[in-house]
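This briefing goes through one protein model by topic, for reading beside the sequence and the 3D view.

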Amino acid sequence: MVFAKLIPILVAALLAGPAGSTAPPSGQGRWSWPLSPKPHVLRTFDPPDKPWLSGHRGVDLGAAHDAGPVTAAPAVASPADGVVSFAGTVVDRPVLTIDHGGGLRSSFEPVDTGLKPGDHVTKGQVIGNLAAAPAHCQGTCLHWGVRRGDDYVNPLAFILDLRPSILLPIH
């Protein structure tokens, strides 16, 4: 009997997600895919156990064609827009970083862009074109990373519901 009363509380807690979840609330605040049409995920988020170890701190998205447009993926709800915080070359790739406020920054590489730090961007706005990066992926891909403060987070958590499915007993 006590367990039956706890089920709604447990379900609500599970659906709310973990404390400090990186996903925006359901319904509002969803980001959009940075490539159109919806790309295939070629390589998933695989953060290292320690910040100095190797890992994959973002996702690789397969583009439908070479030199396709890349669009900003700021949240619909606050922060709805973003401000370019970096546009330049890192090692051998052109990188664009957008500050979405609230400690969230997204980065896109390899992206050729005419944007400069301080430029404002809005959701869906073309921010550049996918450039060649022969050493990163087989074929053409976009590496998309998101940071919350100093921590890398899974970009897919901002556009997909990554919560696990929960099977409940039938009464």
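The model is predicted. The protein has one helix and 11 strands, and two salt bridges are present in the structure. The points below begin with the overall make-up and then turn to the strands, the core, the charged residues and a surface patch.

**Overall make-up**

- Along the sequence the order of elements is α-β-β-β-β-β-β-β-β-β-β-β.
- The protein has 171 residues, of which 35% count as buried.
- Among contacts between residues at least 6 apart in sequence, 61% link residues that are at least 24 apart.
- About 10100 Å² of the protein is exposed, and carbon and sulfur atoms supply 59% of that area.

**Strand β4 and its partners**

- Strand β4 covers residues 81-90 and runs antiparallel to β5, to which seven bridges join it.
- V90 stands opposite R93 of β5.
- β4 is also joined to strand β8 (residues 120-122) by three bridges, and this pair is antiparallel.
- In the pairing with β8, the bridge partner of D81 is T122.
- The hairpin of β4 and β5 has two residues between the strands.
- V91 lies in the loop between β4 and β5 and has a positive phi of about 60° although it is not a glycine.
- Most residues other than glycine have a negative phi.
- V91 is exposed, because its relative accessible area of 81% is over the 50% cut-off.

**The largest nonpolar core**

- The largest nonpolar core has 23 residues, and those that touch the most other members are W31, F108, I127, W144 and V146.
- Elements that give two or more residues to this core are β2 (59-62), β5, β6, β9 (126-130) and β10 (141-148).
- β10 provides the largest share of the core, three residues.
- Leaving aside neighbours within four places in sequence, V146 is in contact with residues including W31, L104, R105 and S106.
- Other contacts of V146, on the same basis, are D151, Y152, V153, P155 and F158.

**Salt bridges around R93**

- Which residues pair with R93 in salt bridges? One partner is D92, with the closest N and O atoms 3.9 Å apart, and another is E109, with the closest N and O atoms 2.9 Å apart.
- R93 lies in strand β5 (residues 93-101) and E109 in strand β6 (residues 104-109), so their salt bridge ties together parts that are 16 residues apart in sequence.
- The C-alpha atoms of E109 and R93 are 6.7 Å apart in space.
- Is E109 buried or exposed? E109 is buried, because its relative accessible area of 15% is under the 20% cut-off.
- D92, by contrast, is exposed, with a relative accessible area of 54%.
- D92, R93 and E109 form one network, joined by salt bridges that share partners.

**E109 and the bond that follows it**

- Not counting residues up to four places away in sequence, E109 touches R93, P94, V95, C141, L142 and H143.
- The peptide bond from E109 to P110 is cis, with omega near -5°.
- Most peptide bonds are trans.
- E109 is in strand β6, whereas P110 is in the loop between β6 and β7 (111-112).

**A nonpolar surface patch**

- Which residues make the nonpolar surface patch of about 290 Å²? The patch is made by F86, V90 and V91.
- F86 is a residue of strand β4 and counts as partly exposed, with 32% relative accessibility.
- V91, another member of the patch, is the loop residue between β4 and β5 described above.

Key: Residues are numbered from 1 along each chain as its sequence is written. This is a predicted model: local features need pLDDT of at least 70, side-chain atom pairs count only at pLDDT 80 or more; totals for chains, interfaces and linings use all residues. Side-chain values use heavy atoms; hydrogens and water are left out. A salt bridge is a side-chain nitrogen of Lys or Arg within 4 Å of a carboxyl oxygen of Asp or Glu. Buried means under 20% relative accessible area, exposed over 50%, partly exposed in between (1.4 Å probe, protein chains only). Helices (H or I, at least four residues) and strands (E, at least two) are DSSP runs, numbered from the N terminus. A nonpolar core is a set of buried Ala, Val, Leu, Ile, Met, Phe, Trp, Tyr and Cys residues joined through side-chain atoms within 4.5 Å. Contact means heavy atoms within 4.5 Å. Patches are made of residues with over 30% relative accessible area and no salt bridge: like charges are joined within 9 Å, nonpolar side chains (Val, Leu, Ile, Met, Phe, Trp, Tyr) within 5 Å. Accessible areas come from the Shrake-Rupley method with a 1.4 Å probe; for residues, only the protein chains shown count as cover. Two strands pair if DSSP finds at least two bridges between them.
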